[in-house]
Amino acid sequence: MLQKIEMGTWRTSDGRGGPSLLVKLRDGLASVRLGQIEYVAYRDHALTFVLVDGREIRSRILKGSFARVSDESLSDARFVRPHESYVVNMDHVQSMTANEFEMRSGTTVPISKRAYQRVREEFVRYMVGEHRERIL
């Protein structure tokens, strides 16, 4: 199944490892599995997908807003937007403070003061739900 999202990303499901995004690059396409995304950063009007293996995949220049693209492309419950320029995969978070997420890789991702309460609630709800499912 291929579902066009917005401005160069498509959500796909191939049954071989879960849902993916097909991302338009400057010179081609890249398939990115949602579970392999550590976080996404928006810089210079492009998305940088930082993967758990350390690779970075940079999209072509976007014409729309990061909020719209991230809300549509990364609508999976494991993703949260802690800052206007970042989306984090909560499966790869080591810890959270009032100012940042520390990822398992050691990288830190900022949490804006305005978003903190919402992000904290989403993070706790997600983590409690994940651990409950693993226990059951």
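The following exchange concerns how terms are applied to this predicted model.

Biologist: What makes a feature or a side-chain atom pair count in this predicted model?

Modeller: Local features need pLDDT of at least 70 and side-chain atom pairs count only at pLDDT 80 or more, while totals for chains, interfaces and linings use all residues. Residues are numbered from 1 along each chain as its sequence is written, and side-chain values use heavy atoms, with hydrogens and water left out.

Biologist: Why is the contact of D53 with R55 called a salt bridge?

Modeller: A salt bridge requires a side-chain nitrogen of Lys or Arg within 4 Å of a carboxyl oxygen of Asp or Glu. The closest N and O atoms of D53 and R55 are 2.9 Å apart, so the pair satisfies the definition. By this rule the count comes to three salt bridges.

Biologist: Why is R78 called buried, and R55 partly exposed?

Modeller: Buried means under 20% relative accessible area, exposed over 50%, and partly exposed in between, with a 1.4 Å probe and protein chains only. R78 has 15% relative accessibility and therefore counts as buried. R55, with a relative accessible area of 49%, is therefore partly exposed. The partner of R78 in a salt bridge is D76, at 2.9 Å from N to O; D76 has a relative accessible area of 18% and is therefore buried.

Biologist: How do you know that E122 and R118 are separated by about one helical turn?

Modeller: Helices are DSSP runs of H or I with at least four residues, strands are runs of E with at least two, and both are numbered from the N terminus. E122 and R118 are four residues apart in helix α2 (residues 116-135), which means a separation of about one helical turn. Their side chains meet in a salt bridge of 3.2 Å, N to O. E122, at 22% relative accessibility, counts as partly exposed, as does R118 at 38%.

Biologist: What makes β3 and β4 a pair of strands?

Modeller: Two strands pair if DSSP finds at least two bridges between them. Six bridges join β3 to β4, which run antiparallel, so the requirement is met. The two strands form a hairpin with two residues between them, and L21 stands opposite V32 in β4.

Biologist: What makes a set of residues a nonpolar core, and which have the most contacts inside the largest one?

Modeller: The term denotes buried Ala, Val, Leu, Ile, Met, Phe, Trp, Tyr and Cys residues joined through side-chain atoms within 4.5 Å. The largest nonpolar core has 18 residues, and those with the most contacts inside it include L21, V32 and L47. Among the elements that each supply at least two residues of this core are β3 (19-25), β4 (28-33) and α1 (66-73).
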